[in-house]
Amino acid sequence: MARKSACCRLSTLEVLLIVLFLLMTAISVGLVTVFVLHFNSQTHETPDEPIPSVKPERNPYLIGVGRADCTGPVADVPLMGYANPSQIAGGIHTRLFSRAFIVDDGSKRVVFVSADIGMVSQRLRLEVLKELQVKYGDLYREDNVMLSGTHTHSGPGGYFQYTLFMIASQGYYKPSIQAIVNGIVKSVDAAHRNIKPGRIFVNKGVVADSNLNRSPHSYMNNPEEERNRYKTTTDEQIVTLKFTDLDGDGLGVLSWFAVHPVSMNYTNRMVSSDNLGHASYLFEQDKNLGSLPGQGPFVAAFATGNSGDASPNVRGPHCVNTGEKCDFVNSSCPVGGSRLCMAFGPGNDMFESTRIIAENVYKEAKELYGGAQQELRGSVHAAHQWVNMTDVTVQLNSTHTVKTCRPALGHSFAAGTIDGGGDLNFTQGTTEGDPFWDGIRDLILGPPSKEIQECHNPKPILFSTGEMNWPLPWHPEIVDVQIITIGSVALVAMPGEVTTMAGRRIREAVRQELEVDGAFSSPDVVITGLCNTYTHYTTTYEEYQVQRYEGASTIYGPHTLSAYVQNFRGLAKAIAQGKTAELPKGPEPPFFTGSGLISLIPPIPVDKAPENATFGQVLEQVNPVYKVGEVASVTFVAGNPRNSGDMRDRTYITVEKFHTSTGAWSVVHTDASWETRFYWIKGSDKQSNATVEWHIPRSAEAGVYRIRHFGHYKKGFIVPVTAYEGSSDEFRVTKSFYY
Ligand SMILES: *[C@@H]1O[C@H](CO)[C@@H](O)[C@H](O)[C@H]1NC(C)=O
Ligand SMILES: *[C@@H]1O[C@H](CO)[C@@H](O)[C@H](O)[C@H]1NC(C)=O
Ligand SMILES: *[C@@H]1O[C@H](CO)[C@@H](O)[C@H](O)[C@H]1NC(C)=O
Ligand SMILES: *[C@@H]1O[C@H](CO)[C@@H](O)[C@H](O)[C@H]1NC(C)=O
Ligand SMILES: *[C@@H]1O[C@H](CO)[C@@H](O)[C@H](O)[C@H]1NC(C)=O
Ligand SMILES: *[C@@H]1O[C@H](CO)[C@@H](O)[C@H](O)[C@H]1NC(C)=O
Ligand SMILES: *[C@@H]1O[C@H](CO)[C@@H](O)[C@H](O)[C@H]1NC(C)=O
């Protein structure tokens, strides 16, 4: 049954076919409940009064940092990233957080948000901006708010309005998107409330052995003289901003590093913030000593960079069946094809790999934070436009203009990557269509038009999404481009994933524009991936020619990068000339309402406890004694975690320690803790279990502990859910065994 799929690939043909079929059946026969979502204007809390911008005396910046839980439903919802239909949420390893940074130069204000989610979708951004508008009026807008997803592949989906992404998410699911919108807005609220005068420092370093180019065949197709300018095939640079108050006390840290958060593979079903999220966790736990995860004032965010072809699985790919090397060009194995070519490492399992990458990134960021000397000064700027990416004309040189295309995905999209290969017989690096699959596609969806085929050449088109509009357009046409500058640091918001070399070209172009007429001197240009709108990948023109996964997923055709470079140049120029207000806004993206936004997530079924058992009852008890380093485990009779509703800032589990002196229990871990794993396992006959593991750290104090679980069960469709809780027996943790 194990089906695999690609990193960030949003669907396999097979899934599409099944889902299309289901959809049609559902609608015509009415067998499945299809929820038609309506968007009524919601009631809002009274808006906070916007804090007027005041010029700080000693320093140009006012700084606010904030963090909020944005963990959505942890059951039944597909995890977003691998598009693997069997990867349905079932519990929590670590919680997801949104982290917001507000910087005000006394007259202008910018906001950067990094959220532990797969990507920011256009729908998510539009909903967040609507909320901010209601609360803050025109203070926080599309031009000065930048939203970035870390690209964890273990966060719930369901927050998309374009059909291809809805299919990968089983539709648009209100509880999913609401949790993220509310989490992001709450993190901005928190940052807004604690704005104070402060200072910002920038520092740069290198994180070695933590990313690997997963499409070297594409990379090698870039011009030799360009490649020769770089030592590595992925960017190892980490850029860190340190935020302090005027006394030098740390408020927060914000870093960018180019790595895919796919250390947790598609067999994982627990919600997890993966490697970059765990780097945040480590930094925050270090600074907020004694706080539970997600609490404490210090905020540490790790956003992703030009990570489109940067895998964290640094032991690299091999054939899991034979141990051979995979084919360089198509990443397939002699026996078993692409599916069996997988990359692993640096750890021995996915948890260890997540931890090692996170520690590498965190340790370097901490060094840079400690040693940061270069202070940022000067104004903040924000430039933003909406661009119709299907219709950009790029002037290549004095004689040649080229155009972007209406979106389409190539055959290699269905092959996936070495971080999770496709389960069908597609391979990467193909410029030939497969007559078999083309035939099936033509039968169901109709053939792509000649115009689209020519525009995307040499991409053999698998899905001509620009020509697919049912029930809603399959891909966006209107895309956000945005640059924010804080002093000499420029943040470029990529609406999707950009490869290493493509990112370098964008950085260079933006730097050049900023430096014209000395507007900026040696600016640090940072690519922030997965921002604002999701549009899959952007490769260089040369990488596109070999059509590996990333090239096949460059949906606006071979000149996508040139179009972005041109657009970002325009924004950078406007910033350098102080003319951002004169930038044309561009065409507004659509905000779909009505019956096109379907949900295939079933309503929460009734829960049943096994005969003679009650909810919260222990089915498998803990041992009486554990030694540090061991795993305590307990299994409870459970209800569906979705019954508990919005669980942000709460927990399904606790690990508690008994204090003999006071006779009281205190919480030492929650479901946000790295040390705990909350597995929700759905069985047959409406029964389910919650298994809680505590991976007892060596640093744990000896003593008496217990593990508790909190949930709700549903007796019937009209009665309200009932709360339950359960507790393990008390058990002892020792530093060593004394029997
Ligand atoms: C992958 O490429 C190799 C040659 O480099 C070829 O022999 C092999 O057949 C290809 N595999 C597939 C599945 O296309
Ligand atoms: C996922 O990681 C686990 C180890 O944690 C490993 O056993 C499994 O083979 C991996 N699966 C894939 C598809 O990478
Ligand atoms: C984008 O451009 C295409 C091609 O010119 C056009 O057909 C389409 O209507 C445009 N979309 C929007 C939303 O303006
Ligand atoms: C312009 O670019 C095209 C395509 O790259 C190239 O063939 C042509 O020689 C270039 N012309 C000039 C004048 O540089
Ligand atoms: C993929 O499988 C189909 C059906 O078995 C077959 O017709 C087609 O030739 C295969 N394609 C490749 C590239 O092997
Ligand atoms: C449930 O309890 C009843 C009465 O004590 C007993 O007869 C029955 O065997 C129990 N069922 C199970 C499955 O333990
Ligand atoms: C729950 O755990 C019990 C005890 O291990 C086991 O017998 C049962 O099959 C489990 N049920 C599910 C739904 O996993």
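The legends below describe close-up views of a predicted model.

**Figure 1. Residues around ligand 3 in the predicted model.**
The shell around ligand 3 is made up of Asn 388, Thr 390, Asp 391, Glu 477 and Ile 478. By residue class, this shell splits into 1 nonpolar, 2 polar and 2 charged. Oxygen atoms of the ligand take part in two of the distances shown here: one of 2.3 Å to an N or O atom in the side chain of Asn 388, and one of 3.3 Å to an N or O atom in the side chain of Thr 390. On the Glu 477 side, a nitrogen atom of ligand 3 lies 2.7 Å from an N or O atom of the side chain. Of the 360 Å² of accessible area that ligand 3 has on its own, the protein covers 47%.

**Figure 2. Residues around ligand 4.**
Asn 397, Thr 399 and His 400 surround ligand 4. The side chain of Asn 397 has an N or O atom 2.3 Å from an oxygen atom of ligand 4. For Thr 399, the ligand atom is a nitrogen, and the distance to an N or O atom in the side chain is 3.4 Å. Ligand 4 on its own has 360 Å² of accessible area, and 39% of this is covered by the protein.

**Figure 3. Residues around ligand 5.**
The surroundings of ligand 5 consist of Asn 425, Asp 434 and Phe 436. An oxygen atom of ligand 5 and a polar side-chain atom of Asn 425 are 2.3 Å apart. A nitrogen atom of ligand 5 and a polar side-chain atom of Asp 434 are 2.6 Å apart. The protein buries 40% of the 360 Å² that ligand 5 exposes when taken alone.

**Figure 4. An open sheet of 7 strands.**
The strands follow the order 7-2-3-34-35-31-29, and their pairing is antiparallel. Strand 7 (155-156) and strand 29 (618-620) form the edges, each pairing on one side only. Within the sheet, strand 31 (residues 631-638) is joined to strand 35 (residues 688-695) by 8 bridges in the antiparallel sense. Val 634 has Val 692 of strand 35 as its bridge partner.

**Figure 5. The hairpin of strand 32 and strand 33.**
Strand 32 (residues 653-659) and strand 33 (residues 664-670) run antiparallel and are joined by 6 bridges. His 659 is placed opposite Ala 664 of strand 33. The turn has 4 residues between the two strands, and Gly 663 in this turn has a positive phi of about 70°.

**Figure 6. Stretches with pLDDT below 50.**
Across the chain the mean pLDDT is 92, and 92% of the residues reach 70 or more. Residues 1-15 have pLDDT below 50, and the model gives this stretch 79 contacts beyond near neighbours in sequence. Residues 21-57 also stay under 50 in pLDDT. For residues 21-57 the model has 54 contacts beyond four places in sequence.

Technical notes
Residues numbered from 1 in each chain as written. Chains lettered and ligands numbered in written order. Predicted model: local features only at pLDDT ≥ 70, side-chain atom pairs only at ≥ 80, totals over all residues. Heavy atoms only, no water. Near = heavy atom within 4 Å. Polar contact = N/O pair within 3.5 Å; in protein donor to acceptor, adjacent residues only side chain to side chain. Areas by Shrake-Rupley, 256 points an atom, 1.4 Å probe, with all protein chains shown as cover. Nonpolar A, V, L, I, M, F, W, Y, C, P; charged D, E, K, R; others polar. pLDDT = per-residue confidence, 0-100. Contact = heavy atoms within 4.5 Å. Pairing = 2+ DSSP bridges.
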